[in-house]
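Hi,

Here is the structure I promised to pass on. Have a look, and my notes follow below.

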Amino acid sequence: MTSAIELSTDAHREEALRATVKNLYIYVVLLLIVVGFSVARVGEVEMFGPGHFLSPDSVVNMLRTAAPILTLSSAFTLLMIAGYIDLSVGSAMSLTAVVFALLIREGATFAVAFGSAAVLGMALGALNGLLVMRLRITPVIATLVTLSLYKGTALLIVPGGVSAIKSRPGRPMPAWINDYARADVLLGLPWAFYVALLVILALVVVQRRTLVGRYAAAIGGNRTAAELSGIDPVRWVWGLYVLVGLCAALAGAARASYMSLGDPLSGDGMELDCIIAVLLGGTAFAGGEGSVGKTVVGALIIVCVTTGLMTVIPAFWQTFAKGSVLIGAVALNHLLTRDRPRLL
Amino acid sequence: MVPGGSFTSKLSNESFLSLFMAGVLLLLFAAACVFVPNFYLPRNVINLLTNYWYVIILGIGVTFLLVTGHFDMSVGGNVALTGVVCAWACQAAGTSPNELANGLGLPYGAAVTLALLCATGVGAVNAFFIVRLRVPSIIVTLGTMMLSRGLAQVITRGAQRNTSLPDVFGVVGNTFLPGTPLKVAVLIMVVLVAAAFALERSTVVGRYTYLIGANVEAARLSGVKVNRHLTALYLLSGVLAGVAGILLASEFKAGVSSRATGYEFDALVIALLGGVSISGGFGSVLGMFVGAIILSVVTSAATGLLLSPDWQFTLKGVVTFLAILAQRFALDRRKG
């Protein structure tokens, strides 16, 4: 007599199909978007020629501007897998960008400025970790508080009357600040991109193969069970917050280098972009599962969409478009992950 | 509660905290009076109490939702959208070659209704994703914030609509209550807060809100229609944002797409300052009101001390953080 729990072969096939769709849909979406923008102005612009979405210049430019979101969203994924969120990443990025630009303008070497920014980022992340894990303030509220703290500090560092840390009379910004994020190192792409690539590869490995990734999933899946199994959530999640802070600093340095100035508002909205990337990549809201690799694909989708849309719609449609992408990502994510209702 | 104990020990935790924060407010006010010239003048005090009226109206909806454990970050965008829709609907139809001067040519009443419908619509979208699809409210409402503000930007082409508006458009936002320096909007704010307080204290609907926040499963098992309740709260928050949007548009005689930027954060801050807790179904609109005055005192004092506006973010963050810690400390001490 067949056991009551045996699935029929049809049900097996359906499960397998579902799993395949879930794994591949994001690549399909990216492909559709790329193709879509490539043919959008097919009458006006020559394929792969100047001005085309996939022209070498355009692709290089997209990848250069994508360095910050790629770095940040990879680390953000790990944090969300553990079931925690950090809404202050945008402000942390702005603050580190401002400090980086300031140090370079005042004569520091690249190494000193970069290192200082990195240390600052880790400190900012550590503060988040302290508020969330030690003081046990809800992550959303704790990181909204730090968002305003970091943003306020960045705004205060920039003297009144100027909009950003940039060249001022008697103290010009050295031209080499651009090199990190713009100068061609290999295939037209700058150091900032390859650093981002390195971070992505490292974090993909971390998430899939190392203890950190496993523990994050365990904590996100069932924090109490993880605790009882000997995993200390405080220590591990605190570490993830520090990692996110470090990546925010890398992103900030890249942005400051790209723009040759430290803009205290440059990171605004980054946290939303990270959330969209993570959602597109299929990480469940409540944590417990997720993939850094797929988040990266999600981040690429965002970059393609924002770059592509700039050529097709007027500027004042941008916010609405971004909002639609977020809501669309939310709906898509809902359809493809097992949803467990939980307060974020 | 201790029989025969002191006055403060008989108070509910919410009332205790509201009183505690009121005490904090008085301390801050006293400090500000010492350091800032003319802070104690009656005219200034009235300003302190009334100049955040719009954030308080938004705060009502945010407080109720926070008590149930949910966020609503869409209120700022909703305010902008409502104001813009109201203006656009009122603008004379097809009279000008300038796109931004043409509207729907509707009478003011119809325009207000349309605007309120839009506001409720935003609340409905929130409710759909949060209650039906169980998506975390922070993510959904950030999305609807962008959608509503984005829509406002589309309607105004990134700027504002302030031409060919009928005279009646500017009436409700600029009328003063007879004999006082207070605007009608302030009266509306007071009425809404009083109604909200009555709702939270004395009605079944109000108590269900706290029950849902304290233990949603217990509420569900006790027969509370949680989904319907949460939907109603999101719709309410939307409507309140709509009211604020219409009043603000009227006051400035324009529908501006950048209106209310950051108001959702301010609404959250005043709720937190007032002792509303995200976990455990705790907090009161009276506390939120006190929180709003605290924020008003802090920002006014900062301006009075000639600190640049850039200090606002840092101040809000620090004040909120200290308030959270202080409240936790006070409650822990109380429990002994």
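A question to start with: leaving aside neighbours within four places in sequence, which residues is A:N178 in contact with? They are A:A183, A:S257 and A:S260. Bear in mind that this is a predicted model, so everything here is computed from it.

A bit more on that spot. A:N178 sits in the loop between α5 (139-157) and α6 (179-182) of chain A. Its contact partner A:S260 is 82 residues away along the chain, yet the two C-alpha atoms are separated by 5.9 Å. Is A:N178 buried or exposed? Neither, quite: a residue needs 20 or more other C-beta atoms within 10 Å to count as buried, and 12 or fewer to count as exposed. A:N178 has 15, so it comes out as partly exposed.

On confidence, chain A averages a pLDDT of 87, and 95% of its residues score at least 70. The stretch to be careful with is residues 339-344 of chain A, where the pLDDT is below 50. In the model that stretch still has twelve contacts beyond near neighbours in sequence, and I'd read those with the low score in mind.

Now the overall build of chain A. There are 13 helices and zero strands, so the fold string is simply α repeated from the N terminus on. A compact globule of 344 residues would have a radius of gyration near 20 Å, and chain A has 21 Å, which agrees. Along its principal axes, the C-alpha trace spans about 90 × 60 × 35 Å. Buried residues make up 48% of the chain. If you take the contacts between residues at least 6 apart in sequence, 78% of them join residues at least 24 apart.

Two helices of chain A are worth opening up. Helix α8 (residues 211-221) has among its buried residues A:Y215, A:I219 and a run of alanines, A:A216, A:A217 and A:A218. The cover over its buried residues includes α2 (56-81), α7 (191-209), α9 (223-228) and α10 of chain A.

Helix α13 (residues 318-336) of chain A has 19 residues and reaches 27 Å from its first C-alpha to its last, close to the 27 Å expected at 1.5 Å a residue. Its buried residues include A:F320, A:V325, A:L326, A:I327 and A:V330, and also A:K322 and A:N333. What do the buried residues of α13(A) pack against? On the chain A side, α11 (270-280) and α12 (292-312); from chain B, α6 (108-132) and α7.

That brings us to where the two chains meet. The contact takes 35 residues from chain A and 37 residues from chain B. On the chain B side, α7 (137-155), α13 (263-273) and α15 (311-335) each supply at least two residues. The largest share, twelve residues, comes from α7(B). By type, the side of chain B that touches chain A divides into 22 nonpolar, ten polar and five charged residues.

Last, the core. The largest nonpolar core has 212 residues, and those with the most contacts inside it are A:L79 and B:L58. Helix α10 (residues 233-259) of chain A gives the largest share of this core, with 16 residues. As for B:L58, leaving aside neighbours within four places in sequence, its contacts are B:V75, B:L240, B:A241, B:A244, B:Y263 and B:A267.

Shout if you'd like to go through any of this together.

Cheers

Technical notes: Residues numbered from 1 in each chain as written. Chains lettered and ligands numbered in written order. Predicted model: local features only at pLDDT ≥ 70, side-chain atom pairs only at ≥ 80, totals over all residues. pLDDT = per-residue confidence, 0-100. Contact = placed C-beta atoms within 7 Å. Helix = DSSP H or I, 4+ residues; strand = E, 2+ residues; numbered from the N terminus. Rg over C-alpha atoms; globule rule 2.2 N^0.38 Å. Nonpolar A, V, L, I, M, F, W, Y, C, P; charged D, E, K, R; others polar. Expected span 1.5 Å × (residues − 1). Core = buried A, V, L, I, M, F, W, Y, C linked by C-beta atoms within 7 Å.
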